[in-house]
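This report describes a protein chain for a reader who has not met it before. The sequence and the structure are shown first, and the description follows.

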Amino acid sequence: MLTVDRYARWNALLELLTNSGRVTVEDAAERLGVSQATIRRDFDQLGQQQMITRTRGGAVANGVSYDLPLRYKTAKHSAEKQRIGAAAAALVAPGMVVGLNGGTTTTEVARALAVRPELAGTPDGAQLTVVTNALNIANELLVRSRMKIVVTGGVVRPQSFELIGPLAGGILRDVTLDMALLGADAIDVTLGPAAHNEGEAAMNNLMVARARQVVIIADSSKLGERAFARICPIERVDVLVTDAGASDDTVASFEAASIRVVRV
């Protein structure tokens with residue numbers, strides 16, 4: 001089994017490649033503070049998994065671009081994401097039907113929901129229902145709670161474990177959500193929340209269409225940014241949950257757009 005240290009190293013190497021496109025063994029070893037032999041082994045193993053392309057003396061990015069697979073993403077802003085996850089989960093009441101998409105921050109939301117025993121059922125039998133298109137989110141909840149879990153169909157996108165494509169929309173068109181809790185790659189106060197992948201954005205848009213309330217979950221590094229595919233107009237966003245790194249001016253701009261901002 002891989003150690004946490006090795007995973008952290010792989011994350012760092014993939015991040016270097018994402019930023020620069022190419023890195024040498026010598027440079028990587030110096031930056032990570034490990035031996036060149038260790039870096040060579042890491043490069044060889046990442047190459048075998050088709051995460052990178054090995055070159056003489058180093059490695060180049062192999063289509064990872066900005067969109068590393070979820071299991072390899074660096075735990076950037078991990079403390080912030082845990083706080084955001086807890087704050088977003090606190091918005092959920094027993095008996096609700098909640099939509100959750102995939103991503104590192106919504107994974108924290110799922111974990112926070114899973115440890116709230118009152119959501120598993122109320123005296124009148126009301127049980128939290130979670131509708132998700134993310135396989136890892138469903139797994140987080142299934143193994144740790146007694147909530148009702150509904151998983152959409154679709155084709156798995158390995159980078160995010162999300163189900164997308166034409167087959168994924170059928171279930172969402174037939175349900176009603178009290179709340180959609182959606183992670184986003186970016187959110188701009190004019191253009192709204194967006195995702196790098198158009199398939200993910202389309203699924204998120206369906207959740208928005210079926211939801212009474214839309215909550216966008218994004219750490220402060222994503223505020224004021226833009227991504228390729230819009231999820232929904234900013235007017236459809238009711239609440240933004242972010243971290244304390246969000247500036248007062250940024251928060252004020254979203255509040256001016258009639259969005260409630262929860263900053264933790």
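In this predicted model, strand β12 (residues 211–217) runs parallel to strand β14 (residues 239–242), and three bridges join the two. Within this pairing, I216 has L240 of β14 as its bridge partner.

Both strands belong to an open sheet of seven strands with parallel pairing, in the order β6-β5-β4-β9-β12-β14-β15. The edges are formed by β6 (148–151) and β15 (260–263); each has a single partner strand, so one side of each is left without a neighbour in the sheet. On average, neighbouring strands of this sheet are turned by 20 degrees against each other, direction ignored.

Helices pack on this sheet. Helix α6 (residues 135–142) touches β4 (97–100), β5 (129–132) and β6, and its direction makes about 165 degrees with that of β6. Helix α9 (residues 248–256) lies across β14 and β15 and runs at about 150 degrees to β15.

Helix α4 (residues 78–89) allows a check of its length. At 1.5 Å a residue, its twelve residues should span 16 Å, and the end C-alpha atoms are indeed 16 Å apart, which agrees. The buried residues in α4 are K81, I84, G85, A87, A88 and A89. These buried residues pack against α5 (104–114), β9 (177–183), β12, β14 and β15.

Turning to the interior, the largest nonpolar core has 31 residues, and L182, I187, I216, L223, I231, L240 and F254 touch the most other members. The elements that give two or more residues to this core are β9, α8 (198–210), β12 and α9. Of these, α8 gives the most, with five residues. As for L182, its contacts, not counting residues up to four places away in sequence, are N101, T106, N204, M207, V208, V215, I216, I217 and I231. A second, separate core of 29 residues includes I84, A88, V239 and V262.

Is C232 buried or exposed? With a relative accessibility of 1%, C232 counts as buried, because the cut-off for that class is under 20%. The residue lies in the loop between β13 (229–230) and β14. Leaving aside residues up to four places away in sequence, C232 touches L191, G192, P193, N205, V208 and V237. Between C232 and V208, which are 24 residues apart along the chain, the C-alpha atoms are separated by 7.3 Å.

Another part of the chain carries a database annotation. An unreviewed UniProt entry lists residues 6–61 as "domain: HTH deoR-type". Over residues 6–61 the chain is 64% helix and 20% strand, with the end C-alpha atoms 19 Å apart.

Strand β3 (residues 58–61) takes part in two antiparallel pairings, with β1 and with β2. In the first of the partnerships just named, T24 has G58 in β3 as its bridge partner. In the other, I52 stands opposite A61 in β3. The hairpin of β2 and β3 has two residues between the strands, and G57 takes a positive phi near 85 degrees there.

The strand pairs described above are set out below.

| Strand pair | Direction | Bridges |
|---|---|---|
| β12 (residues 211–217) and β14 (residues 239–242) | parallel | three bridges |
| β1 (residues 22–24) and β3 (residues 58–61) | antiparallel | three bridges |
| β2 (residues 52–55) and β3 | antiparallel | four bridges |

Technical notes
Residues are numbered from 1 along each chain as its sequence is written. This is a predicted model: local features need pLDDT of at least 70, side-chain atom pairs count only at pLDDT 80 or more; totals for chains, interfaces and linings use all residues. Side-chain values use heavy atoms; hydrogens and water are left out. Two strands pair if DSSP finds at least two bridges between them. Axes are lines fitted to C-alpha atoms, for helices over the stretch in contact, and angles run from 0 to 180 degrees between N-to-C directions. Contact means heavy atoms within 4.5 Å. UniProt positions are given in the numbering used here, feature names are shortened, and annotations may be inferred rather than shown by experiment. The expected span of a helix is 1.5 Å times one less than its number of residues. Buried means under 20% relative accessible area, exposed over 50%, partly exposed in between (1.4 Å probe, protein chains only). A nonpolar core is a set of buried Ala, Val, Leu, Ile, Met, Phe, Trp, Tyr and Cys residues joined through side-chain atoms within 4.5 Å.
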